Amino acid sequence: MKITLIGAGIVGMSTANYLRRDGHDVTVVTAHVPGEYCSFGNAGMLNNSGCVPQSMPGVIWKVPGYLTDPLGPLVVRGAYFLKSLPWMLRFLANATVKQAEHASIALYSLIKDTVPTYEELAQYAGVPELVRRTDFLVAYETEASYRGDTLAWKLRRDRGVKTEILDAAAIQALVPQLAKDYVVGVKVLEQGYVTHPERLVKSLAARFVKEGGVILERKVTAIETGEGGVRALITAEGRMSVENLVVCAGVHSGELTAQLGEPVPIEAERGYHVTYSDPGLQLPLPVHVSDAKVFATPMEMGVRIAGQAEFSGIYAEPNYQRADVLETHMKRMFPSVRTSDSTKWMGRRPSMPDSLPVIGPSVKQGNVYYAFGHGHLGLCGGAPTGRLIADLIGNRRPVIDLAPFRVDRF
């Protein structure tokens with residue numbers, strides 16, 4: 001079967017490899033070099049504990065504090081506020097206990113086996129060393145902050161995520177260089193992370209090409225449809241005929257699905273990172289500070305702190321003051337950190353208001369499949385999503401229920 005796939009991030013390259021392994025003739029079309037867009041700079045986490053949606057009960061009361069705190073995790077640029085409002089209202093409408101439970105069950109089904117899935121895929125790509133099994137630490141500055149996450153921890157426990165509660169002394173024993181400001185810790189067991197997300201995507205791209213796959217760097221400007229589905233992609237380099245299409249274009253997927261008669265409420269939830277090549281830290285495991293909503297992850301290139309949620313659209317220029325906020329948090333977390341040698345980055349998470357990606361066949365186009373909208377779980381969900389799309393196209397029954405991820409659920 002001939003398949004054209006749009007997108008070369010972790011979702012796209014995972015999907016492309018699974019399809020090629022099934023023997024399909026696969027061409028990837030991408031506006032960006034594989035691994036150099038949103039998948040370049042994530043926190044690297046492979047944590048099935050991420051099965052908690054972003055929109056949780058009570059979040060509406062936290063938003064004003066987030067927006068007024070100069071070190072807070074949320075920013076909406078003033079000029080973009082009205083444009084983002086419909087998405088925000090949908091997001092808040094999902095902040096119910098019932099919806100949180102629904103989303104948690106669906107997300108866990110998707111990412112439950114993310115670590116072994118990536119172990120196999122990284123082995124296939126020739127880079128098994130990039131995937132590490134580990135616990136990670138969630139640190140709280142106050143008992144009240146910990147209690148505020150009661151529902152989130154209940155959802156995780158109900159799914160089967162294993163944890164250990166730590167006091168201040170145990171936190172210090174586990175991560176001696178962490179500041180002594182944290183009074184409650186949760187050690188999340190049996191998780192994992194990727195030590196170099198960009199290198200993983202590039203290795204998957206190289207293996208895909210080695211196995212006969214084709215990657216074309218060109219921007220899709222329009223989609224030509226006809227009876228039965230998509231007929232061609234229109235690019236700056238000309239028209240490309242299409243027999244079957246998979247859309248894995250991250251935050252740009254909404255621009256494409258709108259042309260296919262299936263608009264979706266997707267937003268660019270822009271995140272930032274700072275990576276320190278010589279931080280003088282020995283992190284035994286990743287650390288998440290819940291109050292700041294940041295992850296500090298040990299990586300091949302040093303230590304990376306990642307976080308923030310900025311709403312200003314896809315195409316606005318980065319505001320690296322948000323990266324400076326991350327550096328402030330890094331210094332608070334690790335007072336001894338050396339920050340002289342660092343790089344800053346911004347990426348666009350493709351976020352849906354119910355925290356669930358779109359995975360499965362198009363309802364209106366007979367030869368189209370969707371795999372996008374993973375938000376904060378792009379890496380976690382990338383390889384599992386690729387397997388699901390390959391199963392669908394290969395007429396194999398998916399191992400999970402895809403109904404929660406349908407494109408027409410909105």
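Of the 410 residues of the chain, 59% count as buried, and the exercises below work through this predicted model one region at a time.

**Exercise 1. Overall shape**

Decide how the radius of gyration of the chain stands against that of a compact globule, and describe the chain's extent and its secondary structure.

Solution. Begin with the expected value: for 410 residues, a compact globule would have a radius of gyration near 22 Å. The chain has 21 Å, which agrees with that expectation. Next, take the extent along the principal axes, where the C-alpha atoms fill a box of roughly 65 × 45 × 40 Å. Finally, turn to the secondary structure, which consists of twelve helices and 19 strands.

**Exercise 2. Aromatic pairs**

State how many aromatic pairs the chain has, and classify the pair Trp87 and Phe311 and the pair Tyr140 and Tyr146 by the angle between their planes.

Solution. The count comes to seven aromatic pairs, on the rule that ring centres lie within 6.5 Å. For Trp87 and Phe311, the ring centres are 5.3 Å apart and the planes stand at 45 degrees, so this pair is tilted. The two residues come from distant parts of the chain, since Trp87 belongs to helix α3 (residues 81-93) and Phe311 to strand β16 (residues 302-311), with their positions 224 residues apart in the numbering. Both Trp87 and Phe311 are buried. For Tyr140 and Tyr146, the centres are 5.5 Å apart and the planes stand at 70 degrees, and because an angle over 60 degrees counts as edge-to-face, that is the class of this pair. Their surroundings can then be read from accessibility: Tyr140, at 1% relative accessibility, counts as buried, whereas Tyr146, with a relative accessible area of 22%, is partly exposed. As a last step, look for rings joined through several pairs: Trp87, Phe91 and Phe311 are linked by ring pairs into a cluster.

**Exercise 3. Helix α5 and the ring of Tyr124**

Find which residues of helix α5 are buried, and then say which charged residues lie over the ring of Tyr124.

Solution. Helix α5 covers residues 114-124, and its buried residues are Thr114, Val115, Thr117, Tyr118, Leu121, Ala122 and Tyr124. Taking Tyr124 from that list, the charged end of Arg21 sits over its ring, 4.3 Å from the ring centre. Arg207 also lies over the face of Tyr124, at 4.0 Å from the ring centre. Just after α5, the backbone at Gly126 takes a positive phi of about 85 degrees.

**Exercise 4. The second largest pocket**

Describe the second largest pocket by its volume, its lining and the character of its lining residues.

Solution. Rolling a probe the size of a water molecule over the atoms shows where empty space is left. The second largest pocket has a volume of about 370 Å³. Its lining is made up of 18 residues, and those nearest its centre are Tyr80, Lys83, Ile266, Glu267 and Ile314. To see where the lining comes from, consider the elements that each supply at least two residues, namely α3, α10 (253-259) and β13 (267-276). Helix α3 gives the most, with five residues. Sorted by character, the lining of this pocket divides into eleven nonpolar, three polar and four charged residues.

**Exercise 5. Positive phi outside glycine**

Locate Lys293 and Gln308, give the phi of each, and decide whether each is buried or partly exposed.

Solution. Most residues other than glycine have a negative phi, and most peptide bonds are trans. Lys293, in the loop between β14 (287-289) and β15 (294-299), has a positive phi near 60 degrees. With a relative accessible area of 37%, Lys293 is partly exposed. Gln308 lies in strand β16 and has a positive phi near 80 degrees. Its relative accessible area is 4%, and since buried means under 20%, Gln308 is buried.

**Exercise 6. Sequence separation and spatial separation**

Give the separation along the chain and in space for Ala222 and Arg239, and then for Thr163 and Val230.

Solution. Ala222 has its place in strand β9 (residues 220-226) and, at 24% relative accessibility, counts as partly exposed. Ala222 and Arg239 are 17 residues apart in sequence, and their C-alpha atoms are 9.5 Å apart in space. Thr163 is in strand β6 (residues 163-167) and is partly exposed, with a relative accessible area of 29%. Thr163 and Val230 are 67 residues apart along the chain, and 47 Å separates their C-alpha atoms.

Note on methods:
Residues numbered from 1 in each chain as written. Predicted model: local features only at pLDDT ≥ 70, side-chain atom pairs only at ≥ 80, totals over all residues. Heavy atoms only, no water. Phe/Tyr/Trp six-rings, centres within 6.5 Å; stacked < 30°, edge-to-face > 60°. Helix = DSSP H or I, 4+ residues; strand = E, 2+ residues; numbered from the N terminus. Buried < 20%, exposed > 50% of the residue type's maximum accessible area, 1.4 Å probe, protein only. Lys NZ or Arg CZ within 6 Å of the ring centre and 35° of its normal. 1 Å grid on protein atoms, 1.4 Å probe; cavity = no way out; pocket = protein on both sides within 12 Å on 5 of 7 lines; lining within 4 Å. Points joined across faces, edges and corners; volume = space filled by probe spheres on them. Nonpolar A, V, L, I, M, F, W, Y, C, P; charged D, E, K, R; others polar. Rg over C-alpha atoms; globule rule 2.2 N^0.38 Å.
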